[in-house]
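The exercises below are meant to be worked with the sequence and the coordinates open side by side. Each begins with a task and is followed by a solution that proceeds in steps.

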Amino acid sequence: MEWHPLGWLAVLCYLGAEALAIVSMRRPRPSTGWPGALLLAGGLALQFADLRLEARALGSVPYRTLGGSVSLFAWMLAIAYLGLQIRHRQQALGPFLIPIVIGSSMIGLLLPFRGSAPTPETRGTLFALHVTFAILAYAAFTFSFVLSLLYLIQNRQIRRRKTGVLFARLPALEVIGQMNRTSVSVGLAVLTVALLFGGVWALRVWGDLTDPKIVWAVLTLLVYAFLLWMDRRGWEGPRVALLSILGFGVVLFSYTVVNLYFSHTHTFR
Amino acid sequence: MTSVSEARLMMLGWNFRVAELAVRERVAFTAEEVKEGLRGLLGRGLVSEGVILSTCHRSEIYGLCDVERSAEELTRFISEWRGLPLPELSRSSLQRDGAEAVRHLFRVAAGLDSMALGESEVLGQVRQALLLARESGATRAVLHRLFESAVAAGKRVRAETEIGVHPLSVPSIGVELATKVFGDLSERTVLVLGAGETGSLFARHAVEAGVRDLRIANRTLSRAQALVERLHGTAVPWESVAGELPAADVVVGTTASLTPVIAREQVENAMRQRRGRPMFFLDLAVPADIDPGVATIYNAFLYAVNDLEEVASENRRRRAREVPRAEAILDEELEKYLSWFGNLSVVPTVTDLRRRLEQIRDGELEGLPAEERERFRAFADSIAGKLLHEPMRRLKAERDASRKLDRVEAIRHLFDLDEE
């Protein structure tokens, strides 16, 4: 196993940001969150440096190994979280979302990074863009999943008049809903781009688009597109949250079962 | 000479815990009366410094006065001034001395002694009381520092505990719940049904919470108009309520109507026009203004008075749980103040004591030849210095501030330092 000092430093930065977010949450008046955002940005830079070192050694974006792809995923999660925090000026969800960044970063660092050399057809820019965008889309969907869970929890607290700690600490339904909308919209747009790159690449290399993974990715696309449509058609709220959870189920299924048993080309080996 | 240790800090008051409303009403002071009262207290030499704190729930006099002055004299002053029978006033008064008076004021400032535990209004009233006393020239070092410390202690308690976080009143709980659905209420439309007491109370609350689009509907339109004029809202004719529903994010029922004013179908229609955006209903009316069936509509939130009262009592328990943490903060602040107060009196006491010993020495040296006088003076100084060294060191090192005050007082008494 390789030792990733930069990667672990990044994890330390994320831990610091999480600690700040929790401290801020416990205060009667939460702070602005700039120190936390700076720590996150520092973590992002360090993790990027680590991934770049790996990429140099491998001669490609490190997505072919389990460690590499999970690390890339973690990095994308951190980007997505920072984007959400800046876009919505909300750090109240930090304590719930940052641990996902930390967890996946650590898993990525503990799994083997170095793998076989990339085959000639997976060396190109097109393929790298396809994988990178796909991973960013999955990061956005992961947050959408967590936000939807938090939405349902807060909705339940409000309905049952449970005005306890969670009620006080979680933002308003409207705010969580908007963050979810942002996550899904970004995820959808990015996944579409990823599929376009992937499609062009597949046609060029395989000559067809029949890989089961592609079918599932298109299904994912449809579920989230339907979700956004529903959101505008008067189903905003718990129903959209439930559908977002279902959408993430599809993502997980395609990432695990489809990868392992159905697709012979879309694997991390 | 007058030094701090021969003066004592005293609090005499009538608050809602000890005095009936009838008494409290007659010892409640306006700002002008507070100044008049302070002039009277200082003019008669009853206190050397004074602050009067007068709120809806309490009237309290904080004074620095001579040791021999008693609470009875202060009570008699109030009795004569306000024309109240002395026995009745004495019976229902609360009196605190020294450190206990300081602690009492700190607890008051932090909202721990308030009827609504943890309320913040009293903090401003404490600040106001100091301001009035300063304008009347009634405060010097001790009470000025006391009230500033009390305000600082109160602020710390608010910042470091959750004692003021959970709302206690029905309208503020309603606003809190609505905020947890919509976030910022400033961009939302609030429709209040009824311009009576409850309606105007809620409307005021909503405006304080930042609501800018406030609409009030009332059967008698003129009453709604009178209310919205003060609150910068819009009056809605009673017949147009159904038409207003789709635009309303928050609907509050406060009418005296015996049958529901808002039917389920109306809300369903409104929801369709809103494309399912959430609606928030608060039914503060008894009997209900809003059909209970509304609660089952998708994305509609409905709360009745009972629901909110449950939350209120839960919140009271939550605030009560914060009391020990608040008291711990007050203990720290109390310690700080008392230690300052103690130091204030040790230094003049030591000076007085040294002067006393010098008087005795000089008396003994009188009549001695000049060269012997020098020798004996050095000898006497050496003994006096060694004798005083340990007690003074211990006095200064005493960390329990209230005990230090006691000891300073004891020294002054035993060495008769106050007779000069």
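Helices and strands are here DSSP runs, of at least four residues for a helix (H or I) and at least two for a strand (E), and they are numbered from the N terminus. The model is a predicted one.

**Exercise 1. Secondary structure and burial of the chains**

Task: State how many helices and strands chain A has, and how many chain B has; then describe burial and contacts in each chain.

Solution. Begin with chain A, which has nine helices and zero strands, so that, by the definition of these runs, its pattern along the sequence reads α-α-α-α-α-α-α-α-α. Chain B, in turn, has 16 helices and ten strands.

Next, take burial, for which the cut-off is a relative accessible area under 20%. Of the 269 residues in chain A, 52% are buried, and of the 420 residues in chain B, 49% are buried.

Then turn to contacts between residues at least 6 apart in sequence: in chain A, 82% of them join residues 24 or more positions apart, while in chain B the share that joins residues at least 24 apart is 72%.

Finally, consider the surface. The accessible surface of chain A is about 12500 Å², with 70% belonging to carbon and sulfur atoms, and that of chain B is about 20000 Å², with 51% belonging to those two kinds of atom.

**Exercise 2. The dimensions and charges of chain B**

Task: Set the radius of gyration of chain B against that of a compact globule of 420 residues, and describe how its charged side chains are placed.

Solution. The radius of gyration of chain B is 31 Å, whereas a compact globule of 420 residues would have one near 22 Å. The extents of the C-alpha trace can be put beside this value, since along the principal axes of chain B they come to about 115 × 45 × 30 Å. As for charge, chain B carries 58 positive and 66 negative side chains, and the centres of these two sets are 3 Å apart.

**Exercise 3. The nonpolar cores**

Task: Identify the residues with the most contacts inside the largest nonpolar core, and find which helix gives the most to this core.

Solution. The largest nonpolar core holds 98 residues, and Y14(A), F202(B), I216(B) and F280(B) have the most contacts inside it. Helix α5 of chain A, residues 125–159, gives the most to this core, namely 15 residues. A second core, separate from it, has 63 residues, including L105(B), A109(B), L123(B) and W340(B).

To see the surroundings of one central residue, leave out everything up to four places away in sequence: the residues that Y14(A) touches then include L40(A), L44(A), W75(A), I98(A) and I102(A).

**Exercise 4. Two residues of one helix, and one of another chain**

Task: Decide whether F141(A) is buried or exposed, do likewise for S144(A) and L89(B), and list contacts for each residue.

Solution. F141(A) belongs to helix α5 of chain A, and because its relative accessibility is 0%, it counts as buried. Beyond its neighbours within four places in sequence, F141(A) is in contact with residues among them V184(A), L188(A), L191(A), Y224(A), F248(A) and V251(A). The C-alpha atoms of F141(A) and V251(A) are 8.1 Å apart, although 110 residues separate the two along the chain.

S144(A) also lies in helix α5 of chain A, and its relative accessible area of 0% makes it buried. Outside four places in sequence, S144(A) touches N180(A), S183(A), V184(A), Y224(A) and S244(A).

L89(B) is found in helix α4 of chain B, residues 86–91, and is buried, with a relative accessible area of 2%. Among the residues it touches beyond four places in sequence are W14(B), V23(B), V27(B) and I78(B).

**Exercise 5. Backbone geometry in loops**

Task: Describe the backbone at R275(B), R161(A) and the bond between V286(B) and P287(B).

Solution. Recall first that most residues other than glycine have a negative phi, and that most peptide bonds are trans.

R275(B), in the loop between α12 (264–274) and β9 of chain B, is not a glycine, yet its phi is positive, at about 55°. With 48% relative accessibility, R275(B) counts as partly exposed.

R161(A), in the loop between α5 and α6 (165–169) of chain A, likewise has a positive phi, near 60°, and is partly exposed at 23% relative accessibility.

Lastly, V286(B) and P287(B) are joined by a cis peptide bond with omega about 0°, and P287(B) lies in the loop between β9 (279–283) and β10 (300–304) of chain B.

Conventions. Residues numbered from 1 in each chain as written. Chains lettered and ligands numbered in written order. Predicted model: local features only at pLDDT ≥ 70, side-chain atom pairs only at ≥ 80, totals over all residues. Heavy atoms only, no water. Rg over C-alpha atoms; globule rule 2.2 N^0.38 Å. Buried < 20%, exposed > 50% of the residue type's maximum accessible area, 1.4 Å probe, protein only. Contact = heavy atoms within 4.5 Å. Areas by Shrake-Rupley, 256 points an atom, 1.4 Å probe, with all protein chains shown as cover. Lys, Arg positive; Asp, Glu negative; His and termini not counted. Charge placed at Lys NZ, Arg CZ, Asp CG, Glu CD. Core = buried A, V, L, I, M, F, W, Y, C linked by side-chain atoms within 4.5 Å.
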